[in-house]
Amino acid sequence: MISVQRAKIITTKSISRLIRIASRCSESLRRNVHVQRKSITIQHMNNDLQSTPMIHLKNACLGYRNDRELVLKNITIDFFPGDEVAVIGPNGAGKSTLFKTIVGLIPLMQGEVTVHGGRGGNHKDCVSYIPQKEAIDWNYPITVREVVMMGRFGKLSFYQKPGKKDIEIVNSAIQRMGVADLADRKIRDCSGGQQQRVFLARSLAQHPHILLMDEPFSAVDVATEQVILENLRQLREFKVTTLVATHDLGLVYENFERTLILNHRIVAYGLTKEVMTPENLQEAFGKKAVYV
Ligand SMILES: Nc1ncnc2c1ncn2[C@@H]1O[C@H](COP(=O)(O)OP(=O)(O)OP(=O)(O)O)[C@@H](O)[C@H]1O
């Protein structure tokens, strides 16, 4: 199979390389690309066809009340248990806006969004969201262990203290993410990559059904990247639905089975090797970006 050189950041070079690789895909593979650009109705074609979607959007319009322009228009898409989806698109395409709407941080403008069959934002316990690093206040005086324990809060009642089981789960998540040495260190004193590991440990401790990660691979080293990817693979085995926004197209091509390409609308969604075609990448990122 075709291999892709790792592209750490979205550059003209990385897009061009992917386009060259995608061009080499056999014609039959490319014929299978199923993109209905106009109606934006996405048919999910994997084995989970009969299962209930974990996340369902129908004719959804997403945006901000203080902004007259919608960010994403007429989005219709379903994500099923075990889907591991890379969400790609240029800056400002609407990746974070999609995540914020699913977790209920911003209200839906129009249409329908359901999570586990209920309204988005009503399932805090089973949905874990890791925002972009810049959106987190790292100065909060809290240790790594306390951050990870926050993943258990949704399972406890208001006055309930974490029990033995919670402590075991937290310790296990800390071990899995390789941050045991840092457990008593303040989160603000950790490096950027360590902080990403800690936040994924918090998500693991939560035992979520849905995990949304916004640019977890930005500015992390290869070891951290591998730890994150390995844990995402394990979550997939537990049928966790995972959406990961990233600009690292090479990493997506090599590691994610499914990809959603956004640019204020759905450009394409499906199996990564089928949707990362030159046409779709150019449509999302623009010809100029590719041929300069
Ligand atoms: N709080 C806000 N109020 C108004 N507009 C906003 C707000 N947050 C984001 N936007 C706008 O929404 C659009 C989509 O932003 P969003 O953060 O979803 O893009 P993105 O695809 O995640 O981009 P990036 O790759 O740069 O993180 C942008 O034009 C942005 O300026």
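Me: What's the strand order in the open sheet of 4 strands?
Reply: In this predicted model, the order is β2-β1-β4-β5, and the pairing is antiparallel.

Me: Which strands stand at the edges there?
Reply: β2 (72-79) and β5 do. Each has a single partner strand, so one side of each is left without a neighbour in the sheet.

Me: How many bridges hold β1 and β4 together?
Reply: There are 5 bridges between β1 (residues 55-62) and β4 (residues 110-115), in the antiparallel sense. If you want to find the register on screen, K58 stands opposite E112 in β4, and C61 stands opposite Q110.

Me: Nice, and what about β4 and β5?
Reply: Those two also pair in the antiparallel sense, over 2 bridges, with β5 covering residues 118-119. T114 has R119 in β5 as its bridge partner.

Me: How many residues sit between the strands in that hairpin, and which one takes a positive phi?
Reply: The hairpin of β4 and β5 has 2 residues between the strands, and H116 takes the positive phi, near 60°.

Me: Which helix lies across β1, β2 and β4?
Reply: That's α3, residues 95-102, running at about 120° to β1.

Me: Switching topic: which residues are around the ligand?
Reply: The set is Y64, N66, D67, V71, G89, N91, G92, A93, G94, K95, S96 and T97.

Me: And how does that shell split by class?
Reply: It has 7 polar, 3 nonpolar and 2 charged residues.

Me: Okay, on to the other sheet. What's the order in the one with 6 strands?
Reply: It reads β6-β7-β8-β3-β9-β10, an open sheet with mixed pairing. β6 (127-130) and β10 (266-271) are the edge strands, each pairing on one side only. From one strand to the next, the twist averages 15°.

Me: Do β7 and β8 run parallel or antiparallel?
Reply: Parallel, with 5 bridges joining β7 (residues 210-214) to β8 (residues 241-245). One pair to look for is I210 and its bridge partner T241 in β8.

Me: Which helix lies across β3, β7 and β8?
Reply: Helix α7, residues 222-237, lies across them and runs at about 150° to β8. Helix α10 (residues 278-285) packs on the sheet too, touching β9 (258-262) and β10, and its direction makes about 145° with that of β10.

Me: Let's stay with α10. Which of its residues are buried?
Reply: N280, L281, A284 and F285 are buried. Down the axis of α10, these buried residues fall within an arc of 110°, so they line one face of the helix.

Me: Why would residues a few places apart point the same way?
Reply: An α-helix has 3.6 residues a turn, so residues three or four places apart share a direction.

Me: What follows α10?
Reply: G286 comes next, and its phi is positive, near 90°.

Me: Back to β10 for a second: is I266 buried or exposed?
Reply: I266, which lies in strand β10, is buried, because 25 other C-beta atoms lie within 10 Å and the cut-off for buried is 20 or more.

Me: And how far is I266 from A284?
Reply: Their C-alpha atoms are separated by 9.2 Å, while the two residues are 18 residues apart along the chain. A284 is one of the buried residues of α10, and α10 touches β10, so that pair is a handy place to view the helix against the sheet.

Technical notes: Residues are numbered from 1 along each chain as its sequence is written. This is a predicted model: local features need pLDDT of at least 70, side-chain atom pairs count only at pLDDT 80 or more; totals for chains, interfaces and linings use all residues. A residue is near a molecule or strand if its C-beta atom, placed from the backbone, lies within 6 Å of it. Ala, Val, Leu, Ile, Met, Phe, Trp, Tyr, Cys and Pro count as nonpolar, Asp, Glu, Lys and Arg as charged, and the others, Gly among them, as polar. Two strands pair if DSSP finds at least two bridges between them. Axes are lines fitted to C-alpha atoms, for helices over the stretch in contact, and angles run from 0 to 180 degrees between N-to-C directions. Two residues are in contact if their C-beta atoms, placed from the backbone, lie within 7 Å. A residue is buried if 20 or more other C-beta atoms lie within 10 Å of its own, exposed if 12 or fewer, and partly exposed in between; C-beta atoms are placed from the backbone. The arc is that of the directions from the helix axis to the C-beta atoms.
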